[in-house]
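Trainee: Could you take me through the salt bridges of this model, with a close look at any that join up into a network?

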Amino acid sequence: MADWPVKEFGGKTILQNARKPYMDMLARKGRTGMLKTVPDGFHPGSEVANMTVMGYDVTRSFEGRGVLEAANIGVDIKPGQMGMRCNIICIENGLIKNHSAGHITTPEADELIKALDKELGTDKVHFHTGIQYRHLLVIDGGRKELICTPPHDVPGQPFKDLMIKAATPDAQPTADLLNDLILRSQESKP
């Protein structure tokens, strides 16, 4: 609840100046401290922090954003399948313009995801509509030892420098498949 100091309030923020008896009472009677929501060795992202706050042992159960998207939209990830978050982003002149395709609506995104599934989907690759720019890609097989860069972390960067990399030699075919899908998804059809 940080804010800027306001000169008219003697250098206090709006919240510091506000009348807030219940918050003040909680501060007086409550206890404060620090909570570590991201265990050592994990990327400090909201997906890890939120799971930790909800009581999950992410060292045993974290599988990435894909399975969270799958659970959110009711798609079962079966043994031998890999679920990955599939973002619709905006690329302009080879640079990531934004991570949300200009705040695309779910109905607009649904059209794109259905077109991707029709054009790029196979018996082993399936695209599923999620919400707004966040969707799901399910691959039969595949290796999860991948280095992926969340697009919201790198606006303005060349997308080709951020293509998926294999963290192990066994994961190279999966990285190649995903990078091929990324590149082919940008081809326009007449």
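Mentor: What follows covers the salt bridges, one pair and then a network.

This is a predicted model, in which local features need pLDDT of at least 70 and side-chain atom pairs count only at pLDDT 80 or more, while totals for chains, interfaces and linings use all residues. Residues are numbered from 1 along each chain as its sequence is written, and side-chain values use heavy atoms, with hydrogens and water left out.

Searching the whole structure gives 10 salt bridges, each defined as a side-chain nitrogen of Lys or Arg within 4 Å of a carboxyl oxygen of Asp or Glu. One of them joins the side chains of E47 and R65, with 2.7 Å from N to O. Because E47 belongs to helix 3 (residues 46-53) and R65 to helix 5 (residues 65-73), this pair ties together parts that are 18 residues apart in sequence; helices here are DSSP runs of H or I with at least four residues, strands are E runs of at least two, and both are numbered from the N terminus. E47 has 12% relative accessibility and counts as buried, where buried means under 20% relative accessible area, exposed over 50% and partly exposed in between, for a 1.4 Å probe and protein chains only.

The network of salt bridges links R143, E145 and D170. R143 pairs with E145, their closest N and O atoms being 3.1 Å apart, and the side chain of R143 also meets that of D170 at 3.9 Å, N to O. Since R143 sits in the loop between strand 5 and strand 6 (146-147), and D170 in the loop between strand 7 (165-166) and helix 7, the R143 and D170 pair ties together parts 27 residues apart in sequence. As for accessibility, E145 is partly exposed at 25%, R143 is partly exposed at 35%, and D170 counts as exposed at 52%.
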